[in-house]
Amino acid sequence: MANQHIYSDYFDEQFVETLDQNIMQLLDRVWFRSELVGFDDYPQRNRPDRPLLFASNHSGMAFPWDAMVALAHLWRYLPDLRDLPRPLSAPMLSQSILMNPFLVKDFWKRAGCVDATTLNFETMMYYNDHNLMLYPEGVPGIGKGFNNKYRLQRLATSIVRLGIEHRTDIIPFYTINGEYLNPHTYSWEWVNRLSKKIGIPFIPVGPVLLLVLLQPWFFYMAFPAKLTFVLGTRVKPYELTDKDPADLTRDDYRDISEQLRARMQTELDAAVAKYGQQPYRWSELWQRIKTNWRYFPFFLPWAWPALYQEFERQYIRAGRRHFDLDLRTPGAYWRMLWRNPFTLAFFVPLLGWIPIAIRGYRNHRINRAS
């Protein structure tokens, strides 16, 4: 009860709506071209007083655009926002401003994310305004290299434990082509151990790493993978054991978690075989670019720093709630640069990282303590 303030500490539905109208709709329409498969018969709660637990695979070695696009698409798709999953996210994403897209302050928490701690997860099981969404692979899921693409890492036991204790269902869905948001990059555990000390969960080792040094905006960049989200088969975790929850041991939960992982892996493999053979769909991308040419250059990743910085300037610093960035106006990009000169740091080789790091780690220790 004392922890239920997390329901509303930061979450701002107007932030989500304004962000989607001004940024995410365009990026999704042109760059990511996301599709929902199997969501027409949208899952409803088996217990009205408990949220469903949506669970998906993570895209390895990539900034979490997969989750951003999935939730933005569902925001537009669902007629009743009570059905929308609200995400539990790795605490590292909110510990420093650097891990927020293009340094937009409190981005993840304003968009509805809650730090995935044990206490927060248990508290959110009594939340009735939305369902919940988890990536039960955790940080190892986003830190897996391209050689482990579409291989589910060990799932956290908390998802089956709380699903059993509260007798609520798990709804798997599968993110296809997300592995190609940042392909051919690999994970080195000793490198990741060092990066975690500065609040970065992993360092993707590959061709893009040099580009990140030369052009800091590449840190947040995504290649134009066509993201496809495939709904899986509902899982009733309380039917995977005949023991009373009070009698289940940690080993029991690990065994049940492995059963869930095996089921999800089978369905994920089938979804990849059907929807993951052409991850970029270049001809479709070109058609979308031609259709939306009036929005140039904002659907291209190098224009995203100005786009997000201008959004933050208006929504967070100026306190405006209803505005239109009017991206089709001639000279809109240059006006954004003029109003947000800090954006230029994202294009300065090497030295650009100095002001980005200063702003990105401001109050870092305070955020960690909280």
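**Helix H10, strand E2 and the nonpolar core**

In helix H10, the buried residues are Asp-252, Tyr-253, Ile-256, Ser-257, Leu-260, Arg-261, Met-264, Gln-265, Leu-268, Ala-271 and Val-272. The structure is a predicted model, and this briefing turns from H10 to strand E2, one of the elements that cover the buried residues of that helix, and then to the largest nonpolar core.

**Helix H10**

- H10 runs over residues 250-275, and its 26 residues reach 36 Å from the first C-alpha to the last, which is close to the 38 Å expected at 1.5 Å a residue.
- The cover over the buried residues of H10 includes helix H7 (158-165) together with the strands E2 (53-56), E6 (170-176) and E7 (228-231).

**Strand E2 and its partners**

- Leu-53 and Ala-55 point one way from E2, whereas Phe-54 and Ser-56 point the other way, and all of these residues are buried.
- With strand E5 (residues 131-134), E2 pairs in the parallel sense over three bridges, and within this pairing Phe-54 stands opposite Met-133 of E5.
- With E6, E2 also pairs in the parallel sense, here over four bridges, and the bridge partner of Ala-55 in E6 is Pro-172.

**The largest nonpolar core**

- This core has 117 residues, of which Phe-32, Trp-65, Phe-298 and Tyr-308 touch the most other members.
- Helix H1 (residues 13-32) contributes the largest share of the core, namely ten residues.
- Leaving aside residues up to four places away in sequence, Tyr-308 touches Leu-19, Ile-23, Met-24, Leu-27, Trp-65, Met-68, Pro-101, Phe-102, Val-104 and Phe-107.

Technical notes. Residues numbered from 1 in each chain as written. Predicted model: local features only at pLDDT ≥ 70, side-chain atom pairs only at ≥ 80, totals over all residues. Heavy atoms only, no water. Helix = DSSP H or I, 4+ residues; strand = E, 2+ residues; numbered from the N terminus. Expected span 1.5 Å × (residues − 1). Buried < 20%, exposed > 50% of the residue type's maximum accessible area, 1.4 Å probe, protein only. Contact = heavy atoms within 4.5 Å. Core = buried A, V, L, I, M, F, W, Y, C linked by side-chain atoms within 4.5 Å. Pairing = 2+ DSSP bridges.
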